[in-house]
Amino acid sequence: MQKLPFVDLNIRHQKIDAEIIKAIKRILSSSTFILGDDVDAFEKEFSKYCNVKYCVGLDNGTSALELGMRSLNIGVGDEVITPVNSFIASSSAISMTGASPVWVDCDPKTYNIDPLKIEKKITKKTKAIMPVHLYGQPSNMKKIVSIAKKHKLHIIEDACQAHGALYGGKRVGHFGAYAAFSFYPGKNLGAFGDAGALVTNDKRIYETVKKMRNYGQSKKYHHDFIAWNRRLDTLQAAILRVKLRYLDKWNKQRIKHAHTYNQLLKGADVVRPYHDSSTTHVYHLYVIRVNDRDRLQKYLKEKGIATGIHYPVPIHLQKAYQLRGGKKGEFPISEKYAPQLLSLPMYPQLSEEKIQFIVNAIRQFQKFTIS
Ligand SMILES: *Cc1c(COP(=O)(O)O)cnc(C)c1O
């Protein structure tokens, strides 16, 4: 039986093995394990890629979200507006600063934050709007930018799933005060462990976060404020520099696979991903909606096809936020979709034959359940 993983990190790495091993050996022989040239070089290369002025390499994407907010003095008593259907880190980063996440339901088609529902949530305490470019598709930045301007709010882009995605022909990352990226291994640009980055055009944010990641240090053993150790590991930076050169090619392959899925799934009883034509969706995830999702997932597993669920429980109903008293019915679209969403295998090394195999299995399941 052929086995289809949900993400395939192994093949991706084999192809560029030699280059990565060379990069790792370079770090071993120079023994620059903390910060140094490769971190600086990666920051330059990634900011250039995103078309922004500055980048700070960090230990993960959640740190990028959190430290950026701290650099804007967002904290206790403040509110940040963010989607209720995202990975928990978007909201928990807000909570870590002492501020409160204020949730908004999703657009029924794109699954991103619904811009029509943002203004109702703005109060005197609101400091920022944090859209998440979910599954690799940018949020409706035109509307979000105009709301933020009108109410004088910061925009924080959670771009942890959207490396290289475009909105209005421009890469995400420059629409707000700053953007956060994660290089968790399964992301479109993934390290060999945890890693992340903040990108910004604001020199003050850049300089502050650069100190925040390194004990508030301005000069060795001179500390301007009490701070953290949240540095990007040098070995990860060296690996990311190699992989960054492949990112556009990999994103193109993902887009091609999404088109293949879209074609082959025509007529099946599934809601395919909606693509907003003002964006280039980089398909971090290929997410469909189906009835009888859990049984379909089990059926696919029996056929050797691994799938994912992003995300089974909307954030307001997570135990972590039970003190806030989230109620069923508060965010009807996200709640209705949570038991329907199914993420199909998606990674650059997929092929048309593999996608055909997956789609055939879905059709077989649906034939059995109808008859
Ligand atoms: C992955 C992810 C994060 C967190 O990134 P880490 O590197 O795991 O800290 C934040 N937000 C979203 C939407 C993500 O997908």
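How far is an oxygen atom of the ligand from an N or O atom in the side chain of Asn-60? In this predicted model, the distance is 3.5 Å. The legends below begin with the ligand and then turn to the largest cavity and to two backbone features.

**Figure 1. Side-chain atoms of Asn-60, Thr-62 and Lys-187 beside oxygen atoms of the ligand.** For Thr-62, an N or O atom of the side chain lies 2.5 Å from an oxygen atom of the ligand. In the case of Lys-187, the corresponding distance between a side-chain N or O atom and a ligand oxygen is 3.0 Å. The Asn-60 side chain has an N or O atom 3.5 Å from an oxygen atom of the ligand. The ligand taken alone exposes 380 Å², and the protein buries 92% of that area.

**Figure 2. The ligand in the largest pocket.** Two elements each give two or more residues to the shell around the ligand, namely helix H4 (61–71) and helix H5 (88–96). The ligand is surrounded by 14 residues, of which Gly-61, Thr-62, Gln-161, Ser-182 and Lys-187 come nearest. By class, this shell comprises 5 nonpolar, 7 polar and 2 charged residues.

**Figure 3. The largest cavity of the structure, with a volume of about 100 Å³.** Rolling a probe the size of a water molecule over the atoms reveals where empty space is left. The structure holds 2 cavities of 30 Å³ or more. The lining of the largest cavity is formed by 15 residues. Those nearest the centre of this cavity are Asn-85, His-310, Tyr-311, Ser-334 and Leu-341. The lining consists of 11 nonpolar and 4 polar residues, with no charged residues.

**Figure 4. The cis peptide bond between His-310 and Tyr-311.** Most peptide bonds are trans. The bond that joins His-310 and Tyr-311 is cis, with an omega of about 10°. Tyr-311 belongs to the loop between helix H10 (293–302) and helix H11 (332–337). Both His-310 and Tyr-311 are also among the lining residues that lie nearest the centre of the largest cavity.

**Figure 5. The backbone at Tyr-111, a residue with a positive phi.** A negative phi is found in most residues other than glycine. Tyr-111 is not a glycine, yet its phi is positive, at about 70°. Tyr-111 is located in the loop that runs between strand S3 (100–104) and strand S4 (126–129).

Conventions: Residues are numbered from 1 along each chain as its sequence is written. This is a predicted model: local features need pLDDT of at least 70, side-chain atom pairs count only at pLDDT 80 or more; totals for chains, interfaces and linings use all residues. Side-chain values use heavy atoms; hydrogens and water are left out. A residue is near a molecule or strand if one of its heavy atoms lies within 4 Å of it. A polar contact is a pair of N or O atoms within 3.5 Å; within protein, one must be able to donate a hydrogen and the other to accept it, and residues adjacent in sequence count only if both atoms are side-chain atoms. Accessible areas come from the Shrake-Rupley method with a 1.4 Å probe; for residues, only the protein chains shown count as cover. On a 1 Å grid over the protein atoms alone, a cavity is a set of points where a 1.4 Å probe fits but cannot get out, and a pocket is an open set with protein on both sides within 12 Å along at least five of seven lines; lining residues have an atom within 4 Å of a point. A molecule sits in a cavity or pocket if more than half of its atoms lie within 2 Å of its grid points. Helices (H or I, at least four residues) and strands (E, at least two) are DSSP runs, numbered from the N terminus. Ala, Val, Leu, Ile, Met, Phe, Trp, Tyr, Cys and Pro count as nonpolar, Asp, Glu, Lys and Arg as charged, and the others, Gly among them, as polar. Grid points are joined across faces, edges and corners, and a volume is the space filled by probe spheres set on the points.
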